[in-house]
Amino acid sequence: MGRAIDHFFRYSPKTSMAIHPDQRYLEGLLSNDNQVIGEIYRLFAPGVRYQILQNSGSEEDAADIFQESLIDIYNQARYKGLQLTCPFQPFLLLVCKRKWLNELKKRGARPVTKSSDDLSDYGEDVFAAAERVGMEEEKARVFFQQFEKLIQLR
């Protein structure tokens, strides 16, 4: 990898995949860094809140799901060596979504067909989905960046 982008990626010795720069959020959780944790809440809690409110939840439900999801992610990072190969936001949103679906299933409010939605162990499907979302966001960003260049050439 070229020197210009070496500082953006690290490699996981387990998977030889590039570690995403958002790994800093996991490191902030692990080190109990108040600044990073505050940034996580400021940047990502509103999206989780919106999703839960739109899907039969309350403000309290959203706060609980967000907090529980961060604890699950912390535990995965601390005890299982979780390393991000995708952006943090889509990963967190997927974790929250699965946790909320489980909660709805417990309440009997909505049938959930997957019985393997337990978040005690993240499967490749969560990582793959989060990585796909991140890649789509990057493609859209590049597309709009190039589109802006075309408009400026006119």
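This report describes the fold, the nonpolar core, one helix pair and several single residues of a predicted model.

Residues are numbered from 1 along each chain as its sequence is written, and side-chain values use heavy atoms, with hydrogens and water left out. Because the model is predicted, local features need pLDDT of at least 70 and side-chain atom pairs count only at pLDDT 80 or more, while totals for chains, interfaces and linings use all residues.

**Overall fold**

The protein has six helices and two strands; these are DSSP runs, with helices being H or I of at least four residues and strands E of at least two, numbered from the N terminus. Along the sequence the pattern is α-β-β-α-α-α-α-α. Of the 154 residues in the protein, 34% are buried. Buried means under 20% relative accessible area, exposed means over 50%, and partly exposed lies in between, for a 1.4 Å probe and protein chains only. Among contacts with a separation of 6 or more, 60% come from residues 24 or more positions apart, where contact means heavy atoms within 4.5 Å.

**Nonpolar core**

The largest nonpolar core holds 26 residues, and Leu26, Ile40, Phe66, Ile73, Phe88 and Leu92 touch the most other members. At least two residues of this core come from each of α2 (23-30), α3, α4 (59-80) and α5 (88-107). Such a core is a set of buried Ala, Val, Leu, Ile, Met, Phe, Trp, Tyr and Cys residues joined through side-chain atoms within 4.5 Å. Outside its neighbours within four places in sequence, Ile40 is in contact with Tyr25, Leu29, Ala45, Phe66, Leu70 and Phe88. In α2, the buried residues are Gln23, Tyr25, Leu26, Gly28 and Leu29.

**Helices α2 and α4**

The axes of α2 and α4 come within 9 Å and cross at roughly 90°. The two helices are therefore roughly perpendicular, a class that covers 65 to 115 degrees; under 35 degrees counts as roughly parallel, over 145 as roughly antiparallel and the rest as oblique. Axes are lines fitted to C-alpha atoms, for helices over the stretch in contact, with angles from 0 to 180 degrees between N-to-C directions. Leu26, Leu29 and Leu30 of α2 meet Leu70, Ile73, Tyr74, Ala77 and Arg78 of α4.

**Polar contacts**

Glu39 lies in helix α3 (residues 34-53) and, at 16% relative accessibility, counts as buried. Leaving aside neighbours within four places in sequence, Glu39 is in contact with Arg24 and Tyr25. Asp72 is in helix α4; its C-alpha is 8.6 Å from that of Val95, 23 residues away in sequence. Glu39 and Asp72 each take part in a side-chain polar contact, with Tyr25 at 3.0 Å and with Lys99 at 2.9 Å. A polar contact is a pair of N or O atoms within 3.5 Å; within protein, one must be able to donate a hydrogen and the other to accept it, and residues adjacent in sequence count only if both atoms are side-chain atoms.

**Positive phi in two loops**

Most residues other than glycine have a negative phi. The table lists two residues with a positive value.

| Residue | Loop | Phi | Relative accessibility |
|---|---|---|---|
| Asn32 | between α2 and α3 | near 55° | 55%, exposed |
| Ser56 | between α3 and α4 | about 70° | 57%, exposed |

Asn32 takes this phi just after α2.
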